[in-house]
Amino acid sequence: MTTKEYKEYYESKTFKEKYVYEGNDLGAACTKQGICFKLWSPFAEDVAVNLYKDGESRKFTSYPMVREEKGVWSCMAAGVGHGTYYDFTLEMNGETVKSYDPWARACNCNGGRSMAVDLSKTNPEGWETDRNWFEVKNRKETNNTAYGVSGEQIIYEIHVKDFSYDKASGVPEAYRGKYKAFTLEGMSLRGEGRLPTCLDYLKELGITHVQLLPVYDYGSVDESGASSQFNWGYDPKNYNVPEGSYSTDPYNGEVRIRELKELIQSLHKHGIGVIMDVVYNHTYSLDSCFTRTAPYYYYRQNEDGSYSNGSDCGNDVACEREMCRKYILDSVLYWAEEYHMDGFRFDLMGLLDVGLLNDIRKALDEIYGKGRILVYGEPWSAADSPMAAGYVPCKKDAINLLDENVGVFCDNTRDAVKGHVFYEEVPGFVNGGTGLETDILRSVTGCVSGTIDKEQDLNSAISSEFPVKAPSQIINYISAHDNMTLWDKLMVTMKPGQSFDTKDEEVIRAYKMAAAVYFTCQGRLFFLGGEESARTKYGDANSYKSPPEVNQIDWRRAYEYEEILEYYKGLIAFRKQMSGLTDKSAAAYQRVYDQAIPAPGVVTFCVRNNDTDKWKELFICYNSTEEGIEIWLPKGGWELLLDETSSVLWKQGETVEGSQVIAPISVKIFGKR
Ligand code: CA
């Protein structure tokens, strides 16, 4: 068949009737009798499963597989079990191909050979009592931050290697850059307990969720190679197996599973949820287990049959095709169930369709409760991709078609606050940009409502390009692994040509303002790990394969910039108490009122909290100008809660009224009891 004929056949009714398999038993299942293998390969003429004692040695036996209905091949290998390695030999179109198992749950070093696994043997001690974040958050012992725990979610994005690669982390060498580093308590800078790093640091910071850059098995790092290799990992090889380079032993297929579970268990124990970055939109290579077992099926094709490339990584996964769709859904459910994941962040979600994300949302809701497992992603793709007719890409203009608990990264807020990500010199509101007042006010309501005209129905201002239903759909952020760090962006726009190491007071001021602005916007909150300590990558805006020295968290910097770190800690604690800012409902925008632009570069608004809150109302002023500005507080007694010097003034509750000066490039917040 030509590639075009493949496409036509895969999309035909005949193919769907003949080959769409609905069973949940694909892969290798360890049973008392032996291992039951099942592989979906509709066009194979003959399939054998090869067995190996380990990940490297020659096969010790092969079994022929039997063709069943719907393109499934099966075989029961008696007398073998957990820890047996395997792959398949397929005869197809006059060729012999070998493949690892698309449904593998364990694999050898570098993932070219699968391993049959009895998952109960991979559980760390105490795993049976491990609970998801949303179940443990109300437990007393998780009340671990200085200011307590609330239902608000504050997401901290971190790469496993970045977290502990720096020697200054205090992590022993064997665990540096590994899953294991997340299990260590008592780590500190230079061994001084008062300057915690790693897990203890996260606890003090007060974030609620860690979002890990890809931890499924990816292809760009040689797991047998040096630890100085680095890649973000957006190049999936085995979707349902953890990456081996973060484990202490990539050769034993069991170890990476146990160690990732230990990481999750450790964070859960300290009241922190774990979100997984999933890249179902493309694979590392077209020479994958998908191609070898079902040529072209799993990849989106252009009209002429060629591969589409909306990911800019050489291929797009064809999520519209039934078996591929089922694969993605089953994979998400597998990670949620087996690894107790608390959320999923979908890479280039614009290459996936609205129906699939809503199906995933629904399936998770049915098992875990409505909205409790977080689901969000990037509402864009790298380039156009020819999605089959009738399927709608998960892009910004389709957000109203997504479930209210499917979220998207909000580039509107990001760019309004600090400037465009691709045009490095373009500033945003806090670093010299002008004419951004209404964009900033729109951000305050999570882009649900954009108007400041009180006569107008607020709902009528909803944008057709970005018709957000509720702040539950919005992930507010001003830095992520992609693009420049916040520090680098501010340095480039405010102090061009200066060394990124310069500890510049003006930049620190704008930095704190940027943080205070997006921390007072409705939506969910997300930031790149290290943003709270002025993380720099020395201007590297795409560090996906830069050395770990560029990518790592520099733990000394956390304390060199303790002023910023403390400001973030206070902001996190402040936000958690403010129901008006953390309300995720569709009506939340109504809590924001009296929006005003008293002068160019200055924005003020009020927020209504719940009556049971300590402060019933907030008055917030953003002054992005280089001059101090005088504003009049609304009537009544107000307390100063936060200014440019401190984000914990709310602990003191100094009463003020009347005329107030808002310092240049700063945020001031007042609260009324
Ligand atoms: Ca790998």
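Helices here are DSSP runs of H or I at least four residues long, numbered from the N terminus. With that in hand, a good place to enter this predicted model is helix α5, just after which glycine 206 takes a positive phi of about 95 degrees. Helix α5 covers residues 198-205, and seven of its eight residues are buried, so the rest of the structure largely encloses this helix. The buried residues of α5 are Cys198, Leu199, Asp200, Tyr201, Leu202, Lys203 and Leu205.

Stepping back from this helix, the protein chain as a whole contains 17 helices and 27 strands. For a chain of 673 residues, a compact globule would be expected to have a radius of gyration near 26 Å, and the value for the protein chain, 26 Å, agrees with this. Along the principal axes, the C-alpha atoms fill a box of roughly 85 × 55 × 50 Å. Of the 673 residues, 63% count as buried. Among contacts with a separation of 6 or more, 71% are made by residues 24 or more positions apart.

The surface can be described in a similar way. About 24400 Å² of the protein chain is exposed, and carbon and sulfur atoms supply 47% of that area. The chain carries 74 positive and 100 negative side chains, and the centres of these two sets lie 4 Å apart.

The model also holds a calcium ion, whose protein donors are Asp217 (OD), Tyr218 (O), Glu223 (OE) and Glu243 (OE). These donors lie 2.2 to 2.3 Å from the ion. Along the chain, the donors follow the spacing D-Y-x4-E-x19-E. Glutamate 223 sits in the loop between β12 (216-218) and β13 (236-242), while glutamate 243 sits in the loop between β13 and α6 (253-269), so the pair ties together parts that are 20 residues apart in sequence. Glutamate 223 and glutamate 243 are both buried.

Another residue worth visiting is serine 479, found in the loop between β18 (474-476) and α12 (486-494). Serine 479 has a relative accessibility of 2% and therefore counts as buried, the cut-off being under 20%. Apart from its neighbours within four places in sequence, serine 479 is in contact with Lys418, Leu486, Phe526, Phe527, Leu528 and Glu531. Tyrosine 307, by comparison, is 172 residues from serine 479 in sequence and 32 Å from it in space, C-alpha to C-alpha.

Finally, the backbone offers two details to look for. Most residues other than glycine have a negative phi. Aspartate 312, however, has a positive phi, near 65 degrees. This aspartate 312 is placed in the loop between α7 (289-293) and α8 (322-339), and its relative accessibility of 59% makes it count as exposed. Aspartate 594 likewise has a positive phi, in this case near 55 degrees. Its setting is strand β20, which spans residues 592-599. With a relative accessibility of 38%, aspartate 594 counts as partly exposed.

Note on methods. Residues numbered from 1 in each chain as written. Predicted model: local features only at pLDDT ≥ 70, side-chain atom pairs only at ≥ 80, totals over all residues. Heavy atoms only, no water. Donors = N, O, S within 2.8 Å, 3.2 Å for Na, K, Ca; no water. Helix = DSSP H or I, 4+ residues; strand = E, 2+ residues; numbered from the N terminus. Buried < 20%, exposed > 50% of the residue type's maximum accessible area, 1.4 Å probe, protein only. Rg over C-alpha atoms; globule rule 2.2 N^0.38 Å. Contact = heavy atoms within 4.5 Å. Areas by Shrake-Rupley, 256 points an atom, 1.4 Å probe, with all protein chains shown as cover. Lys, Arg positive; Asp, Glu negative; His and termini not counted. Charge placed at Lys NZ, Arg CZ, Asp CG, Glu CD.
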